[in-house]
Amino acid sequence: PASLRSSSFPPLRRRMANKLAKSLASMRSRIPTFLHPMATTYVFNRQVKFAGTAGLKIEKLEEDEAVMLMRNQPKVQNHIKGVHACAMALLAESATGAVFGMNVPDSAIPLIKSMTVEYVKVAKGDLRGVASLSQEQRDIIRNQPKGEVEIPLTVTDSEGNVPIKARMLWAWVPKSRL
């Protein structure tokens with residue numbers, strides 16, 4: 001029902017790109033809105049085991065945007081009790097990969113082609129990663145048999161600071177090439 005819809009998880013619009021998008025839409029239609037983030041996180045972390053190990057949480061996952069949270073907890077901390085550099089890179093890779101994965105055709109395999117992370121400030125507290133794709137980028141991914149796209153990403157800490165600048169270049173190739 002419309003009363004159960006969440007602003008974080010609106011119904012997927014237009015033609016859905018692939019099985020992932022369709023599966024999430026189907027799951028969301030069968031469970032109460034308050035369970036959408038937890039269920040989406042569960043599905044993602046079952047597929048991306050390292051994200052589950054690090055405790056990544058998905059706040060939003062749509063065809064145009066992914067929002068993920070990494071809590072500053074002991075299993076991801078460095079020697080100064082902040083989020084470890086590798087955990088920050090995992091957050092960046094996971095957020096961009098999730099939004100990318102919502103758009104890659106079922107006939108293709110998503111692959112991270114390159115990742116560059118510049119650590120510019122000590123992170124304070126929890127981290128939030130927001131990755132997005134423009135309509136133009138989504139159309140290219142959906143309509144070309146192979147290619148690559150750089151996915152915009154912002155990572156902020158609990159104080160609103162940007163502790164890392166990341167560049168994530170994702171590629172897709174036909175499954176038949178592997």
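**Entry 1: the pocket**

I started with the lining of the largest pocket, where helix 4 gives the most, with five residues. A reminder to myself: this is a predicted model. I then looked up which other elements take part, and helix 1 (19–30), helix 2 (36–47) and strand 3 (108–119) each supply at least two residues as well.

Next I noted the volume of the largest pocket, which is about 530 Å³. Its lining counts 24 residues, and Leu 20, Gln 47, Gly 97, Gly 101 and Pro 110 are the closest to the centre. I sorted the lining by character and got 14 nonpolar, six polar and four charged residues.

**Entry 2: helix 4**

Back to helix 4, which covers residues 85–101. I checked its length: at 1.5 Å a residue, its 17 residues should span 24 Å, and the end C-alpha atoms are indeed 24 Å apart, so the two agree. Is helix 4 largely enclosed or not, and why? I found 14 of its 17 residues buried, so the rest of the structure largely encloses helix 4. For this I took buried as under 20% relative accessible area.

**Entry 3: the core**

I moved on to the largest nonpolar core, which has 41 residues. Helix 4 turns up here too, with nine residues, the largest share of this core. Met 68, Met 70, Phe 100 and Ile 151 have the most contacts inside the core.

I picked Phe 100 for a closer look. Leaving out residues up to four places away in sequence, Phe 100 touches Pro 110, Leu 111, Leu 133, Ile 141, Val 149, Ile 151, Trp 170, Ala 171 and Trp 172. One of these, Pro 110, I had already met among the residues closest to the pocket centre.

How values were computed
Residues are numbered from 1 along each chain as its sequence is written. This is a predicted model: local features need pLDDT of at least 70, side-chain atom pairs count only at pLDDT 80 or more; totals for chains, interfaces and linings use all residues. Side-chain values use heavy atoms; hydrogens and water are left out. A nonpolar core is a set of buried Ala, Val, Leu, Ile, Met, Phe, Trp, Tyr and Cys residues joined through side-chain atoms within 4.5 Å. Buried means under 20% relative accessible area, exposed over 50%, partly exposed in between (1.4 Å probe, protein chains only). Helices (H or I, at least four residues) and strands (E, at least two) are DSSP runs, numbered from the N terminus. Contact means heavy atoms within 4.5 Å. The expected span of a helix is 1.5 Å times one less than its number of residues. On a 1 Å grid over the protein atoms alone, a cavity is a set of points where a 1.4 Å probe fits but cannot get out, and a pocket is an open set with protein on both sides within 12 Å along at least five of seven lines; lining residues have an atom within 4 Å of a point. Grid points are joined across faces, edges and corners, and a volume is the space filled by probe spheres set on the points. Ala, Val, Leu, Ile, Met, Phe, Trp, Tyr, Cys and Pro count as nonpolar, Asp, Glu, Lys and Arg as charged, and the others, Gly among them, as polar.
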